[in-house]
Amino acid sequence: MLQETTEVAPRLKEPGEGLALALTATLKRDLVLMLRRRGEVLNPLVFFALVITLFPVGISPDPDLLALIAPGLLWVAALLAALLSLDSLFRSDFDDGSLEQLLLAPQPLAALTLAKVAVHWLLTGLPLALMAPILGIMLALPAGSYLVLAVSLALGSATLSLIGAIGAALTVGLARGGVLLSLLVLPLYIPVLIFGAGAVQAAIAGDSVSAHLAILGALLAAALMLAPWAIAASLRISING
Amino acid sequence: MWAFIHKLGSPKWFYGISAKLEPWFWVAAALLIVAGTVWGLAFAPADYQQGNSFRIIYVHVPAAFLAQSIFVSMAVAGLVFMVWKIKVADMAAAVMAPLGAAMTFVSLFSGAVWGVPTWGTWWMWDARLTSMLILLFLYLGVIALRGAFTSRDSASRAASVLAMVGVINIPIIKYSVDWWYTLHQPASFTMTSRPAMPTEMWLPLLIMVLGFYSFFIALTLMRTRNEILRRESNKRWVRELVQEA
């Protein structure tokens, strides 16, 4: 019975060229939308700087002590700043219904969400990574580790965006998903934190950082491969619920 | 085989077969846990380094085993639910989560109590302790996510996705935490580096592990049966069952 209908029905057109078109359209749309709400782009950066300011005030202004804990502090603060921006990743699209249009599109949802995550990384992870060395100076981060800090954050925050998008997609339909989102996502962030902060510490100690960066890259590759499916499935659940 | 799986998916059939299986697992759990406890606490020889405090192992290790296996079973049940839409699998996953979280807590707590006489502290940022703590947070996340949805179907599917994401991450977390620990400080003591246990020590442990697993199966069957009655309460066979009783 099922076979007959597939033979009779006209074959669906392959969305080959359409996929590239839809991807660039989603990228462009999200970039434009985000750049029009500059406050939302700047908030995580301000939050990052503020949290970094709290630590010398709360612990000690002693540069030796700060230098010791700076890699971990910078990484944790950047991670929290990235987490803060996650809630808005799908929120406005969910509210105005454009998320449903994304679900109805003939192109695979997993690919389209990847474009949205890419925009999120471009406007959150990358700026955080570029800003981290400046805050590193303020925390007396030892010389020679600044480039590694920026590179590890840029690599790691892409993984954070991908994993975080799963949590954001699962909680987007909930009225107060914010705290739940951090509960879901933070445990999954730990491997990235370990290897990201580890890379900076290895650079300070004068060890080779390639192992840490390679593992961060491997985590990103795995997340790129698996996360889009989980994000797409979660979005479908949130829309139907 | 397929017919069997298909039948297992029917709540009514599962309710019947689990009623027959459940008492056996309860009996096995009671016998094994009592035997293991008496043997482990009273008859097994004291450790030559740790004295009698090592006997916490008879609770600690089975709880830690269960904590990890329950998360995996929960994710497998989630996968079965997502792929074949078998409702019983989701009910089982739903009732397993609190038990898994409780077992994770028991293993952390008994580890802390054990840490006082052996390490002189309640808490160490040891690799195993840290990954168990993260596992507890993963459990809490799954339970909280299931509770946050108003629609049951969405809650089930969301919890299934999260359990599967978690189970992929557990080995990554475990290995990265092991790596982090070895980077920071050399292993001064680990729980496994004691000399190989003599038979009279590990045999009661094995019995306890089997007992805990039987307990887990029995409790899951019981709670799944309750969940079936709760969710299928508007079905005719459930109403007839209630009227008979």
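Is A:Asp30 buried or exposed, and what is its relative accessible area? In this predicted model, A:Asp30 is buried, with a relative accessible area of 8%. That makes a handy way into chain A, since this aspartate has a charged partner right beside it in the sequence: the side chains of A:Asp30 and A:Arg29 meet in a salt bridge, at 3.0 Å from N to O. A:Arg29 itself is partly exposed, with a relative accessible area of 32%.

A:Arg29 also forms a salt bridge with A:Asp93, and here the closest N and O atoms are 3.0 Å apart. This second pair ties together distant parts of the chain, with A:Arg29 sitting in helix H2 (residues 16-36) of chain A and A:Asp93 in helix H5 (residues 88-96) of chain A, 64 residues apart. A:Asp93 counts as buried, at 3% relative accessibility. The arginine is thus bridged to A:Asp30 and to A:Asp93, and both of those aspartates fall under the 20% limit for buried residues.

Stepping back to chain A as a whole, the fold is built from ten helices and zero strands. Read along the sequence, the pattern is simply α-α-α-α-α-α-α-α-α-α. The C-alpha atoms of chain A fill a box of roughly 75 × 35 × 30 Å along the principal axes. Of the 241 residues in chain A, 49% are buried. The accessible surface of the chain comes to about 11500 Å², and carbon and sulfur atoms account for 70% of that. Counting contacts in chain A with a separation of 6 or more, 82% involve residues 24 or more positions apart. The bridge between A:Arg29 and A:Asp93, with its 64 residues of separation, also links distant parts of the chain.

One backbone detail in chain A deserves a look. Most residues other than glycine have a negative phi. A:Ala140 has a positive phi of about 60° although it is not a glycine. This alanine lies in the loop between helix H7 (109-138) and H8 of chain A, and it is partly exposed, with a relative accessible area of 29%. Chain B has a residue of this kind too: phi of B:Lys85 is near 55°, a positive value in a residue other than glycine. B:Lys85 is found in the loop between helix H3 (57-84) and H4 of chain B. Its relative accessible area is 54%, so B:Lys85 is exposed.

How do the two chains meet? On the chain A side, 24 residues are in contact with 27 residues of chain B. Together the chains bury about 2100 Å² between them, and 85% of it is on carbon and sulfur atoms. Across this interface the rule finds zero salt bridges. Residue pairs in polar contact, with both residues at pLDDT 80 or more, also come to zero. The elements of chain A that give two or more residues to the side touching chain B are helix H8 (146-171), helix H9 (178-205) and helix H10 (210-240). H9(A) gives the most, with ten residues. By residue type, this side of chain A divides into 17 nonpolar, six polar and one charged.

Salt bridges do turn up elsewhere in the model, with a count of 14 over all chains. In chain B, B:Asp90, B:Arg146, B:Glu227, B:Arg230 and B:Arg231 are linked in a network of them. One of the pairs is B:Glu227 with B:Arg231, whose closest N and O atoms are 3.0 Å apart. These two are four residues apart in helix H7 (residues 199-231) of chain B, which means that about one helical turn separates them. B:Glu227 counts as buried at 11% relative accessibility, and B:Arg231 counts as buried at 15%.

A last buried position in chain B is B:Ser110, in helix H4 (residues 87-119). B:Ser110 has a relative accessible area of 8%, so it counts as buried. Leaving out residues up to four places away in sequence, B:Ser110 touches B:Ile56 and B:His60.

Conventions:
Residues are numbered from 1 along each chain as its sequence is written. Chains are lettered from A and ligands numbered from 1 in the order in which they are written. Side-chain values use heavy atoms; hydrogens and water are left out. Contact means heavy atoms within 4.5 Å. Buried area is the accessible area (1.4 Å probe) that two parts lose on being put together, summed over both. A salt bridge is a side-chain nitrogen of Lys or Arg within 4 Å of a carboxyl oxygen of Asp or Glu. A polar contact is a pair of N or O atoms within 3.5 Å; within protein, one must be able to donate a hydrogen and the other to accept it, and residues adjacent in sequence count only if both atoms are side-chain atoms. Ala, Val, Leu, Ile, Met, Phe, Trp, Tyr, Cys and Pro count as nonpolar, Asp, Glu, Lys and Arg as charged, and the others, Gly among them, as polar. Buried means under 20% relative accessible area, exposed over 50%, partly exposed in between (1.4 Å probe, protein chains only). Accessible areas come from the Shrake-Rupley method with a 1.4 Å probe; for residues, only the protein chains shown count as cover.
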